[in-house]
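Visitor: Please take me through one part of this model slowly, and then show me how that part connects with what lies around it.

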Amino acid sequence: MVKVLLSSVFSDLTHGKREVEVEADTIEGVLNCLTEMFGDEFGEKILDSTGELKWFVTVYVNGNDIRLLNGTKTKVDPTDEVLLIHSVSGG
Amino acid sequence: MSDSERVSLVCRECGAEYPATRLYICKKCFAPLDVKYDIGRTSLSKNTFFNRKKTLWRYYELLPVLDKSKIVDMGAGYSPLIESERLAKSLGLRKLFIKNDTVNPTCSFKDRPSAVAVSKALEFGLTKIGCASTGNLAAALAAHAAKAGLTCYAFIPKDLEPNKILQMSIYDPEVVIVEGTYDETNRFAMQVAENYGLAIANVDLRPYYVEGSKTLAFEVSEQLEWGVPDHVIVPAASGALYCATFRGFKELERVGLVKDVDVRISLAQPSGCSPIVTAFKNGKESITPINAPKTVAKSLAVGSPGDGVYALRKLRECKGFAEEAADKEIIEAIRLLAKTEGIFAEPAGGVTVAVLKKLIDEGKIGPDETVVCFVTGGGLKTPELMVDGIKEARHVRPTLQSLKLIMGGI
């Protein structure tokens, strides 16, 4: 099972859950599992109309930004840790 | 109207509005929030500012602090706008101004957003504040926090310049060096904020924090007698300063202080970390982050710019350019600025001058345009970069013979 850590900004959508485990092979699969777990509203809020992550949601696999890997097609293993956070960086 | 109604928060994407609390992300769509002012009820004229203090707080009505007793004013802002004839001539421009933010209390423009963030933190009743920083913000925030009596936490990446670490440390914050890049440091700081409730100035106080930066635009206009230049060059790390500059000019137009703002704002990044420039040149609407920025301009080494997407939109709206400068060009520009105008800048200041030179050489800025170049940080923060190539000082014995030799040379 892939461990998924969720930023507290998504707490309203995740019913307060900050850490879950899902069974998936790719980030796309992880996001589908999360949508199934938390409802369609979760998917609607973090994905755009093309099914891609909205630009202000960043996903990391073991600390690596998926935009530098294979995007939502990035493969994940059961030992991987996925982090979903809001993209606020710099100032 | 009560003053509390003057300020609210508004979503950049869906327009949802919220009261001015510690919220920083839209509850409906998760986009970032900005501060909104009830400008229709704000009565401002050019005379409003006539006798006011020459700091950023002179623009109080357009800043988000409601309780004047909470304002922390260390004198940040209202920095000189210097007509730079020798540099202009060297670059082939008729009229060039340097907006010299090296003279702020901690020698960078970060004193502006820090003043607002700390003041707002006091207004919220907070006793602690933190930041994720490449150096300048940490110093500015720590200084303002010291002035306000707040505990400050500065999260910084490893390998920052020694003078920057010394400077931030002198104000006695808790300095935490993260074994990673700035982006990893920022992520770490966000998790500290989420798990321990610490307010991070450039994360969860961001809507208020960033308002301090737009005062650069206000001042440029006021110092040009409520005009606007043809072109402004702004350095970019996250893109927050760029977006704030754009917003500042537009706000002046909305409140009626300036008519028909038609200014091109160009964006400058170092070649070793130029995700916004790359996206702009490739016609993209999204940013591909840089995994391991490598540039002498460490204050601009933000590989995943949080406001990059918005900077792209504003660049296209105002028909600005986005250009990058190599490390060598940045250092040459620092030298050129120093020897023509007597201003010693850190690399973020060299980047804007270097990019300005490129845009002029490429014919993108005409010789008759009036240009303002932001110089956002002082050179003593990064002295080690400029040691090579400095003219060697002469050593003499204190004798008449030596004097004759020296005077003969002079």
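Guide: Let us begin with Glu28(A), which has a relative accessibility of 34% in this predicted model and therefore counts as partly exposed, since that class lies between the buried limit of 20% and the exposed limit of 50%. Glu28(A) forms a salt bridge with Lys73(A), and the closest N and O atoms of the two are 2.9 Å apart. This pair links distant parts of the chain, for Glu28(A) belongs to helix α1 of chain A while Lys73(A) sits in the loop between β4 and β5 of chain A, 45 residues apart. Lys73(A) is also partly exposed, because its relative accessible area is 47%. As general background, side chains of opposite charge can pair when their charged atoms come close.

From this pair we can turn to the sheet of chain A, where five strands form an open sheet of mixed pairing, in the order β2-β1-β5-β3-β4. The edge strands of chain A are β2, covering residues 19-22, and β4, covering residues 64-65, and each of them pairs on one side only. Strand β1 of chain A, residues 2-6, is joined to β2(A) by four bridges, and the two run antiparallel; across from Val4(A), for example, stands Val20(A) in β2(A). Helix α1 of chain A, residues 27-38, packs on this sheet and touches β1, β2, β3 and β5 of chain A, its direction making about 115 degrees with that of β2(A).

Chain B meets the sheet as well, for helix α5 of chain B, residues 182-196, lies across β3 and β5 of chain A and runs at about 80 degrees to β5(A). Taken as a whole, the contact draws on 23 residues from chain A and 37 residues from chain B, and the two chains bury about 2,500 Å² between them, with 57% of that area on carbon and sulfur atoms. Between chain A and chain B the count is one salt bridge, and Glu194(B) forms a salt bridge with Arg18(A) in which the closest N and O atoms are 2.8 Å apart. Eight residue pairs are in polar contact across this interface, and on the side of chain A that touches chain B, β5(A) gives the most, with three residues.

Other salt bridges offer a useful comparison with the pair where we began, as the structure holds 33 of them over all chains. In chain B, the side chains of Glu211(B) and Arg247(B) meet in a salt bridge at 2.9 Å, N to O, and this pair too links distant parts of its chain, with Glu211(B) in the loop between α6 and α7 of chain B and Arg247(B) in helix α8 of chain B, 36 residues apart. Glu211(B) is buried, because its relative accessible area of 1% falls under 20%, and Arg247(B), at 14%, is buried for that reason too.

Lys357(B) and Asp361(B), whose side chains meet in a salt bridge at 3.0 Å, N to O, both lie in helix α12 of chain B, four residues apart, which is about one turn of the helix. Here Lys357(B) is partly exposed at 40% relative accessible area, whereas Asp361(B) is exposed, because its 53% is over the limit of 50%. Salt bridges can also join into a network, as they do in linking Arg12(B), Asp34(B), Arg206(B) and Asp307(B).

Definitions and conventions. Residues are numbered from 1 along each chain as its sequence is written. Chains are lettered from A and ligands numbered from 1 in the order in which they are written. This is a predicted model: local features need pLDDT of at least 70, side-chain atom pairs count only at pLDDT 80 or more; totals for chains, interfaces and linings use all residues. Side-chain values use heavy atoms; hydrogens and water are left out. Two strands pair if DSSP finds at least two bridges between them. Contact means heavy atoms within 4.5 Å. Axes are lines fitted to C-alpha atoms, for helices over the stretch in contact, and angles run from 0 to 180 degrees between N-to-C directions. Buried area is the accessible area (1.4 Å probe) that two parts lose on being put together, summed over both. A salt bridge is a side-chain nitrogen of Lys or Arg within 4 Å of a carboxyl oxygen of Asp or Glu. A polar contact is a pair of N or O atoms within 3.5 Å; within protein, one must be able to donate a hydrogen and the other to accept it, and residues adjacent in sequence count only if both atoms are side-chain atoms. Buried means under 20% relative accessible area, exposed over 50%, partly exposed in between (1.4 Å probe, protein chains only).
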